[in-house]
Amino acid sequence: MRGGKKTIHAIITWMRRQPPKAKALIAVLLGMTALVLLRIIVHDHDNLFVAAEAVHSLGISVLIYKLIKEKTCAGLSLKSQELTALFLAVRLYCSFVMEYDIHTLLDLATFATTVWVIYMIRFKLRSSYMNDKDNFAIYHVAIPCAVLALFIHPSTSHHLLNRIFWAFCVYLEAVSVLPQLRVMQNTKIVEPFTAHYVFALGVARFLSCAHWVLQVLDSRGHLLVALGYGLWPSMVLISEIVQTFILADFCYYYVQSVFGGQLVLRLPSGVV
């Protein structure tokens with residue numbers, strides 16, 4: 001056991017010494033390796049989506065525990081929760097008018113939980129909210145996503161407005177975690193429950209991205225064709241990849257902290 005920990009510590013120490021470009025290349029290679037392993041191990045790749053939802057639910061459960069038991073919202077970004085509620089609300093609307101399925105019920109449960117978290121932060125636990133640290137301007141991501149959705153959206157037979165809304169929620173989901181990362185960067189120290197929650201988001205988004213990539217590979221590109229023509233199919237895939245890489249840096253420091261036996265995660269400058 002000790003030998004294994006020493007090996008992991010040696011690997012982490014070696015990673016620390018690498019320049020940023022080398023770290024990025026290693027991250028890409030590790031991601032590709034993980035995709036290959038998932039393709040071999042998981043025969044029904046739809047299970048990856050189920051796994052992503054399960055991990056996301058686990059992260060939300062940790063967040064609920066923090067708010068109820070710890071009675072503090074310190075370290076949490078209200079703006080990230082509001083962006084999450086926004087893209088979920090738009091996606092629920094699109095689901096009801098375009099394609100109602102089991103995913104709609106999952107989104108509804110997540111939306112209800114997110115609204116409850118927003119209520120707790122705004123009213124019940126307002127005194128512990130770090131307003132000065134949560135200084136990411138929402139319009140910096142909401143407006144570009146809206147403009148992008150106007151020009152690049154699905155080419156299906158649905159009403160144009162619904163197609164624009166669908167594209168908007170896809171783009172907004174990809175960047176909704178940025179305010180949370182800004183809060184953690186401003187505080188430099190992340191307490192355990194918040195770290196567990198964000199790490200769960202990172203794992204869930206990687207599994208979701210893996211689901212999309214493997215589905216595209218399995219269909220030999222036909223899935224992208226089924227999504228429509230133009231830039232939209234590529235943008236869907238890019239959005240999934242962006243979601244994963246936004247959180248990749250944090251996940252690296254989280255794993256490093258866990259194996260280092262640290263209960264509190266300390267982030268160096270320039271992580272976000």
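**Briefing: three side chains and one helix**

Lys 71 counts as exposed, because its relative accessibility is 61% and the cut-off for exposed is over 50%. This is a predicted model. The points below cover two lysines with positive phi, one arginine in a helix, and the course of helix 11.

**Lysines with positive phi**
- Lys 71 sits in the loop that links helix 3 (46-70) to helix 4 (78-98).
- Its phi is near 55°. That is a positive value in a residue other than glycine.
- Lys 188 also has a positive phi, near 70°, and it too is a residue other than glycine.
- The loop that holds Lys 188 runs between helix 8 (178-187) and strand 1 (189-190).
- Lys 188 has 30% relative accessibility, so it counts as partly exposed.

**Arg 91**
- Arg 91 belongs to helix 4.
- Its relative accessible area is 16%. Buried means under 20%, so Arg 91 is buried.
- Leaving aside residues up to four places away in sequence, Arg 91 touches Asp 107, Trp 166, Cys 169 and Glu 173.

**Helix 11**
- Helix 11 covers residues 232-259, which is 28 residues.
- At 1.5 Å a residue, helix 11 should span 40 Å. Its end C-alpha atoms are 40 Å apart, so the expected span and the model agree.
- Helix 11 bends by about 40° at Ala 248.

Conventions
Residues numbered from 1 in each chain as written. Predicted model: local features only at pLDDT ≥ 70, side-chain atom pairs only at ≥ 80, totals over all residues. Heavy atoms only, no water. Helix = DSSP H or I, 4+ residues; strand = E, 2+ residues; numbered from the N terminus. Expected span 1.5 Å × (residues − 1). Bend = angle between axes of the 7 residues up to and from the residue. Buried < 20%, exposed > 50% of the residue type's maximum accessible area, 1.4 Å probe, protein only. Contact = heavy atoms within 4.5 Å.
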